[in-house]
Amino acid sequence: MRKITIAKGDGIGPEIMDATLKIILAAGAKIEIEEIEVGEKVYLSGNTSGISKSSWDSILNTKVFLKAPITTPQGGGYKSLNVTTRKMLGLFANVRPCISLHPFVKTKHPELDMVIIRENEEDLYAGIEHQQTDEVVQCLKLISRPGCEKIIRYAFEYAKSYARKKVTCFTKDNIMKQTDGLFHTIFDEIGQEYPEIEKEHWIVDIGAAKMADTPENFDVIVTLNLYGDILSDVAAQIAGSVGLAGSANIGEEFAMFEAIHGSAPRRAGQDLANPSGLLQGAVLMLNHIGQNEVAEKIQNAWLKTLEDGVHTYDIFKEGTSKTKVSTSEFAEAIIKNLGKIPTTLKPANYANSKPIDLKPYKRKPAATKVLKGVDVFLHWNGLNVDELGEIINTLKTENLSLNMISNRGIKVWPEGLKQTFCTDHWRCRFIAKNGSIPLSTEIIKIQDLALQKGFDVIKTENLYEFNGKAGYSLGQGQ
Ligand code: NAD
């Protein structure tokens, strides 16, 4: 028996959770269920996180959480329970299998069968944003080596465990050479440990276009948080319906499983909703806890039921569908089909899938880090960049002198183009004359000199070299 935590959520949540639990218990899942309350009621009782301390204790104890969709009340102050849970429990991988159910569910891509594995904790989702000038705000894109290693290793291990043949990586490293570049580099590094798996990398724009056009050419896709967020919805939609997909959020110790759709409040309490998304989440959960046989049995009974044309209202279509059923009737039909195998759709086969066992992250020896200079950012309302360049060029320390000024990343001094549009946010790059700065106090000195000249210094970024490789990008046009 494996203890799990469940939450029935809001809207259609309780109905689809009841249907899901009925099916998985009938299939022989060896689980002991602990129920907690999350969502709307908890939020409205004044708890802005949507989850109580005792509910956390249950999840921390069982380590496995099957969650029905919840309603986040409108208006400020309520924190997304999903984002909080992912971050608090270190659920670094979001796994979303998307499969076409052609000809039973309409899709333009009858052979689509792919799994999107999205990094879940980093990237622009760290929520570190600042307004720095009247005209400019920034959002920090944070990418870490452990973050990349964990998600990329997970993708390869997933491919190995589920007999998938290819892992495709999507980045935008032609533009973001440091952040996306690190993800791509680590994909190449870790990929070498899996010679039996085919590997490819696409720049995300053309890769996404190809994925939407010929998804049958993709197998497992691994990518950063933002691209994965967008692409996984595209993938679920072109597979036929976002209402049929489940997802897993996996961490080193904890895991959360859910449907990808929301609480559909207008359908609540009518025994109408399709429980398939949450059931797919439950199948992922059973595989995760090593109950592969039960997972396979449920998946095949679900496929068989869809094949039989027994459909809830959302996928019911005259011609292909035969019987329009309620949530509970759909669950009953699946239970009757337990032990049966689909004949047209490809049967699930999880017999050889092992729970994914990840190597713990090992920190590499520290690199030789050399301070090469500093970017000093200014809020300056002037328009004449030559005037700015002239004054800033007089700021010098023993080692540091002005190398260039850029505006929104584009070099505007020296020798900028008059036509380049400039905002009030300027980056002044100072580089060490002799290759490095022995004392970082010089960074403070240069900042102090700018302040003395009356400039509004809004931030600085140190420029480092790691093992001889620049840890910063050149200005565009430099
Ligand atoms: P939604 O996914 O709830 O509904 C979108 C559309 O799909 C609606 O027409 C709905 O009737 C239909 N639909 C969704 N699931 C269905 C199912 N199982 N069977 C049949 N039809 C289904 O999205 P929304 O309307 O934008 O959001 C409603 C609420 O859900 C909001 O409060 C939102 O914050 C929340 N939400 C929660 C989660 C989550 O808990 N993971 C995810 C997304 C949205």
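## Close-up views of a predicted model

**View 1. Aromatic pairing between helix H2 and the loop that precedes helix H4.** The structure holds 10 aromatic pairs, and, as throughout these legends, the geometry described here is that of a predicted model. In one of the pairs, tyrosine 43 and tyrosine 78 meet edge-to-face, with 5.4 Å from centre to centre and 75° between the planes. This contact links distant parts of the chain, since tyrosine 43 belongs to helix H2 (residues 40–44) and tyrosine 78 to the loop between strand S3 (64–67) and H4, 35 residues apart. The two partners can be told apart by their accessibility: tyrosine 43 has a relative accessible area of 1% and is therefore buried, whereas tyrosine 78, with a relative accessible area of 28%, is partly exposed.

**View 2. An edge-to-face pair and the aromatic cluster that contains both of its rings**. Phenylalanine 92 and tyrosine 154 have ring centres 6.2 Å apart and ring planes at 85°, so the pair is classed as edge-to-face. Here too, distant parts of the chain are linked, with phenylalanine 92 in the loop between H4 and strand S4 (93–99), tyrosine 154 in helix H5 (residues 145–161), and their positions 62 residues apart. Phenylalanine 92 is buried at a relative accessible area of 1%, and tyrosine 154, at a relative accessibility of 6%, also counts as buried because the cut-off for that class is under 20%. Together with Tyr158, Tyr162 and Tyr350, the residues Phe92 and Tyr154 form one aromatic cluster.

**View 3. Helix H4 and the glycine that follows it**. Within helix H4, which spans residues 81–88, the buried residues include Leu81, Thr84, Thr85 and Arg86. An α-helix has 3.6 residues a turn, so residues three or four places apart point the same way. Beyond the helix, glycine 90 follows H4 and has a positive phi, near 60°.

**View 4. Surroundings of the ligand.** The ligand is surrounded by 18 residues, of which Ile70, Gly262, Ser263, Ala264 and Asn274 are the closest. Sorted by class, this shell comprises seven nonpolar, seven polar and four charged residues. Backbone atoms contribute to the polar surroundings of the ligand in two places: a polar backbone atom of alanine 264 lies 2.8 Å from an oxygen atom of the ligand, and a backbone N or O atom of isoleucine 70 is found 3.0 Å from an oxygen atom of the ligand. From a side chain, an N or O atom of lysine 67 is placed 3.4 Å from a ligand oxygen atom. The ligand taken alone exposes 820 Å², and 63% of that area is buried by the protein.

**View 5. Lysine residues over phenylalanine rings**. Lysine 166 lies over the face of phenylalanine 218, at a distance of 5.9 Å from the ring centre. A further arrangement of this kind involves lysine 324, which lies over the face of phenylalanine 316 at 5.1 Å from the ring centre.

**View 6. A side-chain contact of threonine 168 in strand S8**. Threonine 168 is located in strand S8, which covers residues 166–171, and with a relative accessibility of 0% this threonine counts as buried. The side chain of threonine 168 is joined to that of glutamate 200 by a polar contact of 2.9 Å.

**View 7. The protein chain as a whole, for orientation.** The protein chain contains 13 helices and 20 strands, and its C-alpha atoms fill a box of roughly 80 × 55 × 45 Å along the principal axes. Of the 478 residues in the protein chain, 52% are buried.

Note on methods: Residues numbered from 1 in each chain as written. Predicted model: local features only at pLDDT ≥ 70, side-chain atom pairs only at ≥ 80, totals over all residues. Heavy atoms only, no water. Near = heavy atom within 4 Å. Polar contact = N/O pair within 3.5 Å; in protein donor to acceptor, adjacent residues only side chain to side chain. Areas by Shrake-Rupley, 256 points an atom, 1.4 Å probe, with all protein chains shown as cover. Nonpolar A, V, L, I, M, F, W, Y, C, P; charged D, E, K, R; others polar. Buried < 20%, exposed > 50% of the residue type's maximum accessible area, 1.4 Å probe, protein only. Helix = DSSP H or I, 4+ residues; strand = E, 2+ residues; numbered from the N terminus. Phe/Tyr/Trp six-rings, centres within 6.5 Å; stacked < 30°, edge-to-face > 60°. Lys NZ or Arg CZ within 6 Å of the ring centre and 35° of its normal.
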